[in-house]
Amino acid sequence: NAALAKSKKRKGVSEYTEIVAKVEAKVNDMNSRFAAIKAAGESGDFEEAMDSMQEFFESVGDTHREIGILDQLGNISKMIRTGEKEIASFEKQVKRLEKKGIDASSITALIAEGRAKLAELKALAKNTEAEPEDFFAIMEELDRIREQATDEFNALQGRGNSQEGAVIRSL
């Protein structure tokens with residue numbers, strides 16, 4: 001219960017009410033199973049207590065994993081907001097390049113790809129069956145897109161690894 005309460009307080013987690021409700025239901029189920037084990041043990045029905053205990057321990061791992069995902073949702077919300085800000089920044093930079101008469105269509109394509117990946121990440125964050133590996137795969141892809149866009153900006157502006165490029169990469 002303490003781990004769930006801590007996870008629910010994380011910034012950004014409140015956006016995912018369905019996932020929070022699912023995890024709360026699992027924790028409540030575990031509490032009920034624990035009470036049933038205790039009651040069976042107190043009544044002397046040790047066979048029932050052992051059966052219930054086996055089910056209880058099987059559910060502990062699943063519930064713990066889901067609380068971990070809930071923890072990560074706060075981080076993912078922050079990453080989504082950061083990604084949206086980066087895309088807006090890239091779009092402004094593209095407009096500056098286009099005003100100078102520089103063709104930035106390759107970056108525009110990367111921005112579209114980044115938006116699609118962010119949409120995928122948002123959808124995944126609402127999926128109650130999502131696996132942590134799925135999040136990491138999309139985040140790695142977003143990082144690759146960001147690096148590619150930064151390299152492309154630097155190439156179009158005739159710069160190597162500029163300070164601006166380093167700042168963009170650090171986001």
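This passage describes how four helices pack against one another in a predicted model.

A good place to start is helix H3, which runs through residues 46-99. At 1.5 Å a residue, its 54 residues should span 80 Å, and the C-alpha atoms at its two ends lie 79 Å apart, so the expected and computed lengths agree. H3 does bend along the way, by about 25° at Gly74. Just after the helix, Gly101 takes a positive phi of about 85°.

H3 has helix H2 (residues 17-43) as one packing partner. The axes of H2 and H3 are 9 Å apart, and the two helices pack at an angle of about 160°. An angle over 145° counts as roughly antiparallel, so H2 is roughly antiparallel to H3. Their crossing is left-handed. In the contact of H2 with H3, 16 residues are nonpolar, four are polar and seven are charged.

H3 also meets helix H5 (residues 132-156), with axes that come within 11 Å and cross at roughly 20°. Here the angle is under the 35° cut-off, so H3 is roughly parallel to H5. The crossing of H3 and H5 is again left-handed. On the H3 side, the contact is made by Arg65, Ile69, Leu73, Ile76, Met79, Glu86, Phe90, Gln93, Val94 and Leu97. On the H5 side, the contributing residues are Pro132, Phe135, Met139, Arg146, Ala149, Thr150, Phe153 and Leu156. Many of the gaps in such a list are easier to read with a simple rule in mind. An α-helix has 3.6 residues a turn, so residues three or four places apart point the same way. Sorted by character, the residues of the contact of H3 with H5 comprise 13 nonpolar, two polar and three charged.

H5 has a further partner in helix H4, which covers residues 105-125. The axes of H4 and H5 come within 10 Å and cross at roughly 165°. This makes H4 roughly antiparallel to H5, because the angle is over 145°. H4 passes H5 in a left-handed crossing. The contact of H4 with H5 includes 14 nonpolar residues, together with three polar and seven charged ones.

Note on methods. Residues are numbered from 1 along each chain as its sequence is written. This is a predicted model: local features need pLDDT of at least 70, side-chain atom pairs count only at pLDDT 80 or more; totals for chains, interfaces and linings use all residues. Side-chain values use heavy atoms; hydrogens and water are left out. Axes are lines fitted to C-alpha atoms, for helices over the stretch in contact, and angles run from 0 to 180 degrees between N-to-C directions. Helices (H or I, at least four residues) and strands (E, at least two) are DSSP runs, numbered from the N terminus. Angles under 35 degrees count as roughly parallel, over 145 as roughly antiparallel, 65 to 115 as roughly perpendicular and the rest as oblique. A crossing is left-handed if the near helix is turned anticlockwise from the far one by less than a right angle, and right-handed if clockwise. Contact means heavy atoms within 4.5 Å. Ala, Val, Leu, Ile, Met, Phe, Trp, Tyr, Cys and Pro count as nonpolar, Asp, Glu, Lys and Arg as charged, and the others, Gly among them, as polar. The expected span of a helix is 1.5 Å times one less than its number of residues. The bend at a residue is the angle between axes fitted to the seven residues ending there and the seven starting there.
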